[in-house]
Amino acid sequence: MLTDPIADLLTRIRNALVAGHESVQAPASKTKIAIATVLRREGFIKNFDIVHDGVKRTMRIDLAYSGRKQPTISGLRRVSKPGLRVYVQKREIPRVYGGLGIAILSTPQGVMTGQEAWRRQVGGEVLCYVW
């Protein structure tokens with residue numbers, strides 16, 4: 001049993017990028033699928049698939065690399081943790097590295113980037129930063 005499944009997903013992605021793997025597998029959940037959707041839409045990962053293995057669901061995430069095997073993700077940081085949740089209002093949404101990165105938020109309208117939440121004028125829980 002994992003205490004923080006989102007941090008586990010981010011760590012698996014970070015370790016696979018450092019090792020130079022083409023893809024990584026992680027247990028699937030609705031929140032993790034929503035995070036992977038945001039990462040794919042923003043161009044940080046190529047694609048992801050859901051693999052059904054009986055009752056268990058697993059995600060296979062295809063990692064994106066630029067020229068000369070440089071990963072498109074240079075950093076991942078978990079912000080809101082189970083012991084300390086971080087919530088922001090619509091006017092407090094953070095900018096990551098001056099707009100070069102993204103903040104992923106869980107809002108009442110779903111999981112989205114900080115910029116999209118700012119446009120929709122909603123706040124929520126800051127899940128992680130990606131740059």
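In these legends, contact means heavy atoms within 4.5 Å. The model shown in every view is a predicted one.

**View 1. V130 and its neighbours in the largest nonpolar core.** Let's start with V130, which is in contact with L39, F44, I73, G75, L76, V96, G101, I102 and I104, leaving aside neighbours within four places in sequence. The largest nonpolar core has 28 residues, and V130 is among those that touch the most other members, together with I13, I61, L63 and I104. Which elements each supply at least two residues of this core? They are α1 (5-19), β1 (23-27), α2, β2 (45-53), β3 (56-63), β8 (102-107) and β10 (124-130). The element that gives the most is α1, with six residues. A second core of 11 residues is separate from this one, and V88, M112, V126 and Y129 are included in it. In soluble globular proteins, nonpolar side chains tend to be buried together.

**View 2. Helix α2, from end to end.** Helix α2 covers residues 30-41, which makes 12 residues. At 1.5 Å a residue, the helix should span 16 Å, and its end C-alpha atoms are 17 Å apart, so the two values agree. Look along the helix for its buried residues: K32, I33, I35, A36, V38 and L39. An α-helix has 3.6 residues a turn, so residues three or four places apart point the same way. Just after α2, you will meet G43, which takes a positive phi of about 85 degrees.

**View 3. K32, a buried lysine without a salt bridge.** Here we zoom in on K32, which has its place in helix α2. How far away is the nearest side chain of opposite charge? That side chain belongs to D8 and is 4.7 Å away; K32 is buried yet has no salt bridge. A salt bridge needs the side-chain nitrogen within 4 Å of a carboxyl oxygen. A polar atom of the K32 side chain does lie 3.1 Å from the backbone oxygen of P27. Beyond four places in sequence, K32 is in contact with P5, L9, P27 and M59.

**View 4. T58 in strand β3.** T58 sits in strand β3. Is T58 buried or exposed? With a relative accessibility of 19%, T58 counts as buried, because the cut-off for buried is under 20%. Setting aside residues within four places in sequence, the contacts of T58 are Q25, A26, P27, A28, D49, I50 and V51.

**View 5. G75 in the loop between β5 and β6.** G75 has its place in the loop between β5 and β6 (76-78). This glycine counts as buried, at 9% relative accessibility. Not counting residues up to four places away in sequence, G75 touches Y129, V130 and W131. How many residues separate G75 from K56 in sequence? They are 19 residues apart in sequence, and their C-alpha atoms are 29 Å apart in space.

**View 6. K69 and Q121, two residues with positive phi.** K69 has a positive phi of about 60 degrees, although it is not a glycine. You can find K69 in the loop between β4 (65-66) and β5 (70-71), and its relative accessible area of 43% makes it partly exposed. Q121 also has a positive phi of about 60 degrees without being a glycine. Its place is in the loop between α3 (114-120) and β10, and at 44% relative accessibility Q121 counts as partly exposed.

Definitions and conventions. Residues numbered from 1 in each chain as written. Predicted model: local features only at pLDDT ≥ 70, side-chain atom pairs only at ≥ 80, totals over all residues. Heavy atoms only, no water. Helix = DSSP H or I, 4+ residues; strand = E, 2+ residues; numbered from the N terminus. Expected span 1.5 Å × (residues − 1). Buried < 20%, exposed > 50% of the residue type's maximum accessible area, 1.4 Å probe, protein only. Lys, Arg positive; Asp, Glu negative; His and termini not counted. Polar contact = N/O pair within 3.5 Å; in protein donor to acceptor, adjacent residues only side chain to side chain. Core = buried A, V, L, I, M, F, W, Y, C linked by side-chain atoms within 4.5 Å.
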